[in-house]
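Here is a set of exercises to work through with the model open beside you. Try each task yourself before reading its solution.

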Amino acid sequence: MSELLFETIESVSSLIQKKKVSPVELTKLTLARINEYDPALTAFITVMEEDALIQAKVLENELQNGEIRGPLHGIPIAVKDLLQTEGVCTTGGSKIFQNWIPDEDATAVQRMKEAGAIIIGKANLHEFAMGATTENSHYGNTKNPWDMTKIPGGSSGGSAVATATGMAFGSIGTDTAGSVRLPAAMCGTVGFKPTYGLVSRHGGFPFSWSLDHVGPMTRTVKDAAIMLEAMKGYDPKDDSSVKKNHVTYFKDSLKNLKGITLGFYEPYMFSGIDPGVRHVIEQAFDQLKFLGAEIVPIELPGINEALNSLKTIAQSEVVSFHDPLLKKHGDLYGDDLKYRFQFGRDISATDYINAQRTRKSFVQNTMRQMSGIDGLIGPTNVQSPFEIGTMVPEQAISNMFTLGKTPLANILGFPALSVACGFTQSQLPVGLQIIGKPFSDKKILEIGDCYERSQQWVQALKMNRNYIG
């Protein structure tokens, strides 16, 4: 029965609706998996065993009465512990909030519950989402299941590990400079950052309100589309929320990629890339071409200035939120966060305004460059995961920029997908990133789904999950 935990949301949903699997049975299996493997992996801060079983029984009764909420009915899902859960401790990965119990759910969590998802637990993260490694001195370091001496990526590392190892069918993560996509790539799963404003951030600890996103983390692209469809939509509690009604779920998969044009900017996408990772990505490009896609070179003028502006914006915005907490609880923060706050305090109002101007100009220029193409492609991670415990505080800001190419989509606010595309010779996963135009979320998911379904190794991966340890 443990093999059931590695099926897709789509396939298990069908079994539930046919009453071949019960939500209570599935939840108990998932909790048993967590009890067996999480002590070593540290993917969770809080396991919601009692609450999850109560949710499962309610959904079981609905099922018996012929009530089906949708494809997420009875599916166990993890939530990054940056997002509020009503009546359940939400720590933000910090000791400061170790006893805080919110009185409401984050909007994304609420919508997942309404869609029938069972919240199985709160996933571990880099403290306050401010790092790319998910090394957490307060709640333990999350380990990469492919090599437990290595980081899983971050900051949504616990969410990625829970999803990869059958401890959840999917997870909700947050992404400010790649915190959904980088750990997904490093753990061999799928991560999707939607268009800015498509999914509400209400009820989450902010990192950078002009860069933060909430998105799904799953084992397949189709499952990410299922979760996104449930989470998205206008929320008056989030000032960035958009009122556009965009369908993101697709029932039928693309048979090929004929007519799809993808842009590639090699000077950025391949800078700092490990040769083994590059080889995997070039093979993925060949597969995209085999499927019918055309890959064309493009320019991204001003990209270095734009990425520097992201650092300025993120570090100044995060200090504005944490400053009151620092005055009361400064000694409780991790050393790498203290370093980041020091950097943020040195940013002037003029620097911040100029950074936002640089960002706006870059977005406009990039839209012009993307005229006539469907998306940008490149690696998600350019380096393989490094060993836990080798990072120094001074690397806290640079890690997200040296490990992967994810920050580009955040400064743009465009939708971005990471889909597993192979392994290095050391058997560590590599992610392919596809970045679309604003509100082309469905198209990017369809492209990624077509690529994923064409890869035989993906199917083999689903049959061999004995990688832990």
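The exercises below concern a predicted model, and they go from the whole fold down to single residues.

**Exercise 1. The overall fold**

Work out how many helices and strands the protein has, and how its radius of gyration compares with that of a compact globule.

Solution. Start with the secondary structure: the protein holds 16 helices and 11 strands. Next, take the chain length. For 469 residues, a compact globule would have a radius of gyration near 23 Å, and the value of 20 Å for the protein agrees with this. As a further step, look at the extent along the principal axes, where the C-alpha atoms fill a box of roughly 60 × 60 × 45 Å. Finally, turn to the contacts. Considering those between residues at least 6 apart in sequence, 77% join residues at least 24 apart.

**Exercise 2. Surface and charge**

Find what share of the residues is buried, and what carbon and sulfur atoms supply of the exposed area.

Solution. Begin with burial: 62% of the 469 residues count as buried. Then take the surface, which comes to about 17,300 Å², with 49% of it from carbon and sulfur atoms. To finish, place the charges. There are 45 positive and 50 negative ones, and their mean positions lie 5 Å apart.

**Exercise 3. Three salt-bridge pairs**

For the pair E62 and R69, give the N to O distance, then decide whether each partner is buried or partly exposed. Do likewise for E229 with K232 and for R278 with E282.

Solution. Keep the burial cut-off in mind: under 20% relative accessible area is buried, over 50% is exposed, and partly exposed is in between.

- First pair: the side chains of E62 and R69 meet at 2.7 Å, N to O. E62 has a relative accessible area of 14%, so E62 is buried. R69 has 38% and is therefore partly exposed.
- Second pair: E229 and K232 form a salt bridge at 3.6 Å, N to O. Here the glutamate, E229, is partly exposed at 29%, whereas K232 is buried at 13%.
- Third pair: the closest N and O atoms of R278 and E282 are 2.9 Å apart. Both residues sit in helix α9 (residues 275-290), four residues apart, which means about one helical turn separates them. R278 is partly exposed at 29%, and E282 is partly exposed at 33%.

To put these pairs in context, the protein has 17 salt bridges in total. Some residues are linked in a network: E10, K222, D449 and R453.

**Exercise 4. Backbone angles in the loops**

Where do T42 and T134 lie, and what are their phi values?

Solution. Take T42 to begin with. T42 lies in the loop between α2 (23-41) and β1 (44-47). Its phi is about 55°, positive although T42 is not a glycine. With 12% relative accessibility, T42 counts as buried.

Now move to T134, in the loop between β3 and α5. Phi of T134 is near 55°, again a positive value in a residue other than glycine. The relative accessibility of T134 is 0%, so T134 counts as buried.

One more backbone feature is worth finding. S155 lies in the loop between β3 (118-123) and α5 (157-164), and the peptide bond from G154 to S155 is cis, with omega near 10°.

**Exercise 5. Helix α5**

Determine how many residues of α5 are buried, and which residue with positive phi follows the helix.

Solution. Go along the helix residue by residue: G157, G158, S159, A160, V161, A162, T163 and A164 are buried. That is eight of the eight residues of α5, so the helix is largely enclosed by the rest of the structure. After α5 comes G166, with a positive phi near 80°.

**Exercise 6. The surroundings of I260**

Which residues does I260 contact, leaving aside its neighbours within four places in sequence?

Solution. First locate I260: the residue lies in the loop between α7 (221-231) and β7 (261-264). Next check burial, where a relative accessible area of 12% makes I260 buried. Then list the contacts beyond those neighbours: G292, A293, E294, D374 and I447. As a last step, try a distant residue. P102 is 158 residues from I260 in sequence, and their C-alpha atoms are 45 Å apart in space.

Terms used
Residues are numbered from 1 along each chain as its sequence is written. This is a predicted model: local features need pLDDT of at least 70, side-chain atom pairs count only at pLDDT 80 or more; totals for chains, interfaces and linings use all residues. Side-chain values use heavy atoms; hydrogens and water are left out. Helices (H or I, at least four residues) and strands (E, at least two) are DSSP runs, numbered from the N terminus. The radius of gyration is taken over C-alpha atoms; the globule rule is 2.2 Å times the number of residues to the power 0.38. Buried means under 20% relative accessible area, exposed over 50%, partly exposed in between (1.4 Å probe, protein chains only). Contact means heavy atoms within 4.5 Å. Accessible areas come from the Shrake-Rupley method with a 1.4 Å probe; for residues, only the protein chains shown count as cover. Lys and Arg count as positive and Asp and Glu as negative; His and the chain ends are not counted. The place of a charge is taken as NZ of Lys, CZ of Arg, CG of Asp or CD of Glu. A salt bridge is a side-chain nitrogen of Lys or Arg within 4 Å of a carboxyl oxygen of Asp or Glu.
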